[in-house]
Amino acid sequence: MEPIRVVIAGIRGKMGREAVLAVTNAKGMTLVAGIDRPRTYTEASVASADVSFPIYTDPSLCFVEQKPDVYVDLTDAKGAQSNALAAVEAGVRPVIGATGLDAEFLQMLDQELQQAELGGLFAPNFAIGALLMMRMSALIAPFLPDIEIIEYHHATKKDSPSGTAKKTAEEIARALIESGKEVPPIPIHSVRLPGFVAHQEVIFGGNGEHLTIRHDSMSRVSFMPGILLGIQRVMNVVGLVNGLEHFLF
Ligand SMILES: NC(=O)C1=CN([C@@H]2O[C@H](COP(=O)(O)OP(=O)(O)OC[C@H]3O[C@@H](n4cnc5c(N)ncnc54)[C@H](OP(=O)(O)O)[C@@H]3O)[C@@H](O)[C@H]2O)C=CC1
Ligand SMILES: O=C(O)C1=N[C@H](C(=O)O)C[C@H](O)C1
């Protein structure tokens, strides 16, 4: 079988550089290009993967020239929106890891993908432990429905609250509705400090007791198996899959 042709958008970023290593070392896929903003300084950090590939600033040109099967978006909410639309236009499947996209856009992207008979994935968190944290939170919520979320991220994170915290609150709300319970407000507290990568606590309050579920991504390698799974699985679906958990559980 031909390897899956992959483009990474945001390739010079913290996640993009890690994804270069993951994709180039993975079987069954090949990194054909990157997308990022123009830079004037040297490319040492991306080149450290010891592979060579072109980096485009124009996503449409990249998709037309490189004809990828899948592109992985690790830019930001604004970049991901325009990149994803350019991708669908060019017949390329988006795997969006960038966070901060709103529900209306995701709904519209799903319709575009359905029309084009293409698959896509929006995954606000690719780490298996984070997906389990969300799943466990939904399981616990009907029994202890007084809940607050604290998320801790590195100081350069652009969006707040994190995509993971928003998704956790959505999953908890879904579980409460399904079990016939009222959905109380679920406050989200965002901490942005040097020293953190990506961490979250979901605290359930009860009578004289607390239950806390905590997940820590100490390194961005934690997200890489999920990215690779998303690239593989998005080849065999039609429409937008909202959350990597749909490929796992
Ligand atoms: N789903 C998941 O599991 C995870 C998701 N994320 C998300 O991934 C995204 C990237 O995170 P991170 O790597 O830390 O961020 P970085 O800022 O380190 O990297 C983002 C890169 O994308 C570039 N970029 C931004 N906008 C555009 C655009 N419109 N066109 C082209 N390039 C663009 C940036 O350039 P410049 O610096 O010039 O802006 C930068 O090089 C965030 O949305 C974050 O929330 C992060 C970790 C895990
Ligand atoms: O910006 C980050 O770093 C992360 N972003 C995602 C989010 O917003 O939830 C995933 C993870 O928390 C790391």
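An unreviewed UniProt entry lists His154, Gly163 and Thr164 under "binding site". In this predicted model, Gly163 and Thr164 are among the residues around ligand 2. His154 is partly exposed, whereas Thr164 is buried.

**Annotated binding-site residues**

- His154 sits in the loop that runs between β7 (146-153) and α7 (163-178).
- His154 has 14 other C-beta atoms within 10 Å, a count between the limit of 12 or fewer for exposed and 20 or more for buried, so His154 is classed as partly exposed.
- Setting aside residues up to four places away in sequence, His154 touches Pro194, Phe196 and Val197.
- Thr164 belongs to helix α7.
- Thr164 is classed as buried because 24 other C-beta atoms lie within 10 Å of its own, and the class begins at 20.
- Beyond its neighbours within four places in sequence, Thr164 is in contact with Pro124, Asn125, Ala130, Glu151 and Gln200.

**Surroundings of ligand 2**

- The residues around ligand 2 are Thr99, Pro124, Asn125, His153, Lys157, Ser162, Gly163, Thr164 and Ala198.
- By class, this shell holds two nonpolar residues, six polar residues and one charged residue.
- Pro124 and Asn125, which are in the ligand 2 shell, are also among the contacts of Thr164.

**Annotated domain**

- UniProt, again in an unreviewed entry, places "domain: Dihydrodipicolinate reductase C-terminal" at residues 129-236.
- Over residues 129-236, helix accounts for 35% of the chain and strand for 29%.
- The end C-alpha atoms of this stretch are 24 Å apart.

**The chain as a whole**

- The protein chain contains eight helices and eleven strands.
- Its C-alpha atoms fill a box of roughly 60 × 40 × 30 Å along the principal axes.
- The radius of gyration of the protein chain is 19 Å, which agrees with the value near 18 Å that a compact globule of 249 residues would have.
- Of the 249 residues in the protein chain, 40% are buried.
- Counting contacts between residues at least 6 apart in sequence, 73% join residues at least 24 apart.

Definitions and conventions:
Residues are numbered from 1 along each chain as its sequence is written. Chains are lettered from A and ligands numbered from 1 in the order in which they are written. This is a predicted model: local features need pLDDT of at least 70, side-chain atom pairs count only at pLDDT 80 or more; totals for chains, interfaces and linings use all residues. A residue is near a molecule or strand if its C-beta atom, placed from the backbone, lies within 6 Å of it. Ala, Val, Leu, Ile, Met, Phe, Trp, Tyr, Cys and Pro count as nonpolar, Asp, Glu, Lys and Arg as charged, and the others, Gly among them, as polar. Helices (H or I, at least four residues) and strands (E, at least two) are DSSP runs, numbered from the N terminus. The radius of gyration is taken over C-alpha atoms; the globule rule is 2.2 Å times the number of residues to the power 0.38. Two residues are in contact if their C-beta atoms, placed from the backbone, lie within 7 Å. UniProt positions are given in the numbering used here, feature names are shortened, and annotations may be inferred rather than shown by experiment.
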